[in-house]
Amino acid sequence: MRDFLNKLGLTFAFIVIVSPAVLFFLWMLSLSLKFEIDNASYPPVFIPERINWGNYAAVIESKRFMTYFFNTLIVTGSATLFALVIGVPAGYGIARMRARKSAIVILIARITPGLSYLIPLFLLFQWLGLLGTLWPQIIIHLVVTVPIVIWIMIGYFETTPMELEESAIIDGATRWQVFRHVALPIARSGIAVAFILSVIFSWNNFVFGIVLAGRETRTLPVAVYNMISFDQLSWGPLAAAALIVTLPVLLLTMFAQRQIVAGLTAGAVK
Amino acid sequence: MSELTAGKAVAKTTATVAAETATAKKNEWRPISYWPFVIPAMIVVMAVIIFPWVYTIWMSLHEWKVGQAPTFVGFANYLRLPSDARFVESVGHTLVYTALSVALPLILGTLAAVIFNNKFPLRGFFRGLFILPMMATPVAIALVWTMMFHPQLGVLNYLLSLFGLPPSLWVFHPATAIPSLVLVETWQWTPLVMLIVLGGLSAIPTEPYESAQIDGATPWQTFRYISLPMIMPFLFIAAMIRMIDAVKSFDIIFAITQGGPGSASETINLYLYSVAFVYYDVGYASAIVVVFFALIVALAGALLHLRQRTHWNEAGGSA
């Protein structure tokens, strides 16, 4: 009996603590599928009688949506790939040199507000005449992606066993070969974690875009923000746009939650 | 004298060279050869991270509006700060916002971690659902929260009415703007505290709990005297990360209130944005950046100090 009560209490507490997260996203979905009449009714309608897919169609068919989508893909993709190409070897080098202290730069970078990179780099991009292209955003997203990748990879390479690498060296392999054929395959799961987190944080980034993006070079988060100021009154398309922007991240989180949890807590606990 | 020094130097050099060859022979694992792996990343970090830091300090010593030539003014920009009412006010807002955004997620996150530390079906799936708020695109969720805060049509006032509470103006009234934003921040970041604390809880061995159960301890006693002391270091880390992120919070505030109504929710970061990219006063903005950074470091230092003191107290108490 007491066991049963404990279970009941636990279930109740569980529902209370999980429901804000779940209900929020269900409400978001509900807003995005309703006609304006239902969205503006009081008391609010949770499950509508008629579903309005038109909200999604309106967003996807809207001018430049596809441009903004591809902009986001290009910025996030390039910033992540470049960060992996330089960050994975760097994490390896720092771990093998036991130079973890040099990673203090990355910790300070983590503390520094994003805006403080924007002012100098904005002036630099202006001076270089790069504004109006996607380059400024790709380059400044490295401020986010490179530290994530290096930080996670240091942690991974520090825990991978050295014996294999040492025997490969004795067999006459060069350092690069050891890295490429011994260390890299073992660290594959670490690279996956770095990749996922880098993609998510770059995809979500907003502050760099509002300053650096022009009409043609907006990423999706910036485009969604601009929608708020233009048609504040129609909630359906707004909610649909918001859901479209964040859906890739939500799906990635659900499918790769194990890697995400590992990456976030590894960075935090060490 | 000079001969002696020279002799010493020679001896020293020979010794070092000998030592170096010895290590090279004995141990192929000479760290220096890993430089090529690190150099590309170093160049990038210099360009996009270190260069902005240095340049910011240089700019902060100049009177400089975008489009004009910079003139050196020494510390004038810094001296302007204390008499800038809007800046002083924004520091106050930041501190209130941060204190609440650390405390609430810390309490709720610990509670959530205690719940998630039990075994139940589909735990991984629910953990995934639970961390969605912190992974979702901030602007997208800010947009939906804005709709939920709407005084007439928003779902939050409807929920209040279900509990018989009067409606609130949420982010549309100066007095409730910051607490409403903290609500969003708490909703968003409680999962991170949960994950960190859960890591701590799962590392505790089961023996203490078993003996506590035999002794007839209540769940609260078990938590207070076994779990809590063991997860203290994790709570500290969570508080530190939360503090750093809350001070810097931008997306949510910018997208929901733009610092308004008036300047009721304008934090340092929001004010900094206006100075830099609305007024284009980059010299003054850079001074704000430097002071802002110093404030974050000071807060982190205060947290560290607090932790050391509580350690000392614990030791004193048990002795």
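**Exercise 1. Among contacts in chain A between residues at least 6 apart in sequence, what percentage join residues at least 24 apart?**

Keep in mind that this is a predicted model. Start by setting aside the pairs that are less than 6 apart in sequence. Of the contacts that remain in chain A, 77% link residues at least 24 apart.

**Exercise 2. Work out what chain A is built from, and whether its spread fits the globule rule.**

Step one is the element count: chain A has 14 helices and zero strands. Reading along the sequence, you get the pattern α-α-α-α-α-α-α-α-α-α-α-α-α-α. Now for the spread. For 270 residues the globule rule gives 18 Å, but the radius of gyration of chain A comes out at 23 Å, well over that, so chain A is more spread out than a compact globule. Next, look at the principal axes: the C-alpha trace of chain A spans about 75 × 70 × 30 Å along them. Last, burial: 45% of the 270 residues of chain A count as buried.

**Exercise 3. Describe the side of chain A that touches chain B.**

Count the partners to begin with: 74 residues of chain A meet 65 residues of chain B. Then ask which element gives the most on the chain A side; that's helix H1 (residues 2-32), with twelve residues. Sorting this side of chain A by class, you find 62 nonpolar, ten polar and two charged residues.

**Exercise 4. Find the residues that touch the most other members of the largest nonpolar core, then follow one of them.**

The core has 155 residues, and the ones touching the most other members are Met153(A), Val224(A), Ala242(A), Val144(B), Leu181(B), Leu272(B) and Ile288(B). Which helix gives the largest share? Helix H7 (residues 135-159) of chain A does, with 16 residues. On the chain B side, domain 1 (2-60) and domain 2 (78-318) both contribute residues, so the core lies between them.

Now pick Ala242(A). Skip its neighbours within four places in sequence, and its contacts are Met28(A) and Val224(A) in chain A, plus Ala140(B), Leu143(B) and Val144(B) in chain B. Two of these names, Val224(A) and Val144(B), you've already seen among the core residues above.

**Exercise 5. Take the two domains of chain B and say what each gives to their contact.**

Chain B splits into domain 1 (2-60) and domain 2 (78-318). Domain 1 of chain B puts four residues into the contact, and domain 2 of chain B puts in six. To finish, sort the domain 1 side by class: two residues are nonpolar, two are polar and none is charged.

Note on methods. Residues numbered from 1 in each chain as written. Chains lettered and ligands numbered in written order. Predicted model: local features only at pLDDT ≥ 70, side-chain atom pairs only at ≥ 80, totals over all residues. Contact = placed C-beta atoms within 7 Å. Helix = DSSP H or I, 4+ residues; strand = E, 2+ residues; numbered from the N terminus. Nonpolar A, V, L, I, M, F, W, Y, C, P; charged D, E, K, R; others polar. Rg over C-alpha atoms; globule rule 2.2 N^0.38 Å. Buried ≥ 20, exposed ≤ 12 C-beta atoms within 10 Å, placed from the backbone. Core = buried A, V, L, I, M, F, W, Y, C linked by C-beta atoms within 7 Å. Domains from an automatic or database assignment.
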